[in-house]
Amino acid sequence: MTTPSRMPEPYGQGSGANLADILERVLDKGIVIAGDIRINLLDIELLTIKLRLIVASVDKAKEMGIDWWETDPALSSRARRDELTRENAELRERLARLEELEPGRVEKREAP
């Protein structure tokens with residue numbers, strides 16, 4: 001006669017929180033993990049690496065004043081446009097200065 005084996009309940013059953021609840025709490029409140037790695041030789045600092053990891057929702061990050069992705073041209077199309085506009089203005093200023101220095105040498109072209 002065999003007795004039925006008791007299988008453990010899957011994670012998240014009963015009183016434990018499931019992964020979705022934990023993730024929701026972390027994103028709502030945010031979590032910061034920080035650490036420094038320093039390499040010294042005879043009391044001379046050769047290398048310092050500072051690691052900072054913040055896990056939070058976008059809204060929570062903005063509440064904390066963190067919004068670097070909005071100004072990074074690699075991540076934001078608006079930032080990319082702003083960078084191109086700024087670069088275009090700088091190039092026009094440089095061209096105008098060159099035309100003032102040597103009026104006959106710089107050939108003007110109309111924008112398409």
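Leaving out neighbours within four places in sequence, serine 76 is in contact with Trp69 and Glu70. This is a predicted model, and in it serine 76 occupies the loop that runs between helix H2 (58–63) and helix H3 (77–101). Serine 76 is buried, since its relative accessible area is 11% and the cut-off for buried is under 20%. Its side chain reaches the backbone oxygen of glutamate 70 at 3.4 Å, and glutamate 70 is also one of the two residues named above as contacts of serine 76. The side chain of serine 76 also reaches the backbone nitrogen of arginine 78, at 3.4 Å. Through a side-chain oxygen placed 3.4 Å from that backbone nitrogen, serine 76 caps the N-terminal end of H3.

**Helix H3 and the loop before it**

Helix H3 consists of 25 residues, and the distance from its first C-alpha to its last is 36 Å, close to the 36 Å expected at 1.5 Å a residue. Alanine 79 belongs to this helix and counts as buried, with a relative accessibility of 8%. When residues up to four places away in sequence are not counted, alanine 79 touches Glu70, Thr71, Asp72 and Pro73. Glutamate 70 therefore appears both among the residues touched by alanine 79 and among the contacts of serine 76, which is buried at 11%. The C-alpha atoms of alanine 79 and tryptophan 69 are separated by 9.0 Å, the two residues being ten apart along the chain.

Tryptophan 69 leads to another feature of this part of the chain. The count of aromatic pairs comes to one. That pair is formed by tryptophan 68 and tryptophan 69 in an edge-to-face arrangement, with 5.8 Å from centre to centre and 80° between the planes. The two partners fall into separate exposure classes: tryptophan 68 counts as exposed at 52% relative accessibility, whereas tryptophan 69 is partly exposed, with a relative accessible area of 23%.

**Helix H1 and its surroundings**

At the start of helix H1, which covers residues 19–29, a side-chain oxygen of asparagine 18 comes within 3.2 Å of the backbone nitrogen of alanine 20. Just after H1, glycine 30 adopts a positive phi of about 90°. Valine 26 lies in H1 and is partly exposed, its relative accessible area being 24%. Apart from neighbours within four places in sequence, valine 26 is in contact with Ile31, Val55 and Ala56. Two of these contacts, isoleucine 31 and valine 55, also stand opposite each other, valine 55 being in strand E2. Valine 26 and serine 57 are 31 residues apart in sequence, while their C-alpha atoms are 8.4 Å apart in space.

**The hairpin of E1 and E2**

Strand E1 (residues 31–41) and strand E2 (residues 44–55) run antiparallel and are joined by eleven bridges. Asparagine 40 lies in E1, counts as partly exposed at 47% relative accessibility, and touches Glu45 and Leu46 when residues up to four places away in sequence are not counted. The hairpin has two residues between its strands. Leucine 42 has its place in the loop between E1 and E2, and aspartate 43 is found in that loop as well. Each has a positive phi although neither is glycine, with a value near 55° for leucine 42 and near 65° for aspartate 43. Leucine 42 is exposed, since its relative accessible area of 76% lies on the exposed side of the cut-off, which is over 50%. Aspartate 43 is likewise exposed, with a relative accessible area of 81%.

The table gathers the accessibility of residues discussed in this report.

| Residue | Relative accessible area | Class |
|---|---|---|
| Alanine 79 | 8% | buried |
| Serine 76 | 11% | buried |
| Tryptophan 69 | 23% | partly exposed |
| Valine 26 | 24% | partly exposed |
| Asparagine 40 | 47% | partly exposed |
| Tryptophan 68 | 52% | exposed |
| Leucine 42 | 76% | exposed |
| Aspartate 43 | 81% | exposed |

Methods:
Residues are numbered from 1 along each chain as its sequence is written. This is a predicted model: local features need pLDDT of at least 70, side-chain atom pairs count only at pLDDT 80 or more; totals for chains, interfaces and linings use all residues. Side-chain values use heavy atoms; hydrogens and water are left out. Helices (H or I, at least four residues) and strands (E, at least two) are DSSP runs, numbered from the N terminus. Buried means under 20% relative accessible area, exposed over 50%, partly exposed in between (1.4 Å probe, protein chains only). A polar contact is a pair of N or O atoms within 3.5 Å; within protein, one must be able to donate a hydrogen and the other to accept it, and residues adjacent in sequence count only if both atoms are side-chain atoms. Contact means heavy atoms within 4.5 Å. The expected span of a helix is 1.5 Å times one less than its number of residues. Two strands pair if DSSP finds at least two bridges between them. Rings of Phe, Tyr and Trp (its six-membered ring) pair if their centres lie within 6.5 Å; planes under 30 degrees apart count as stacked, over 60 as edge-to-face and the rest as tilted.
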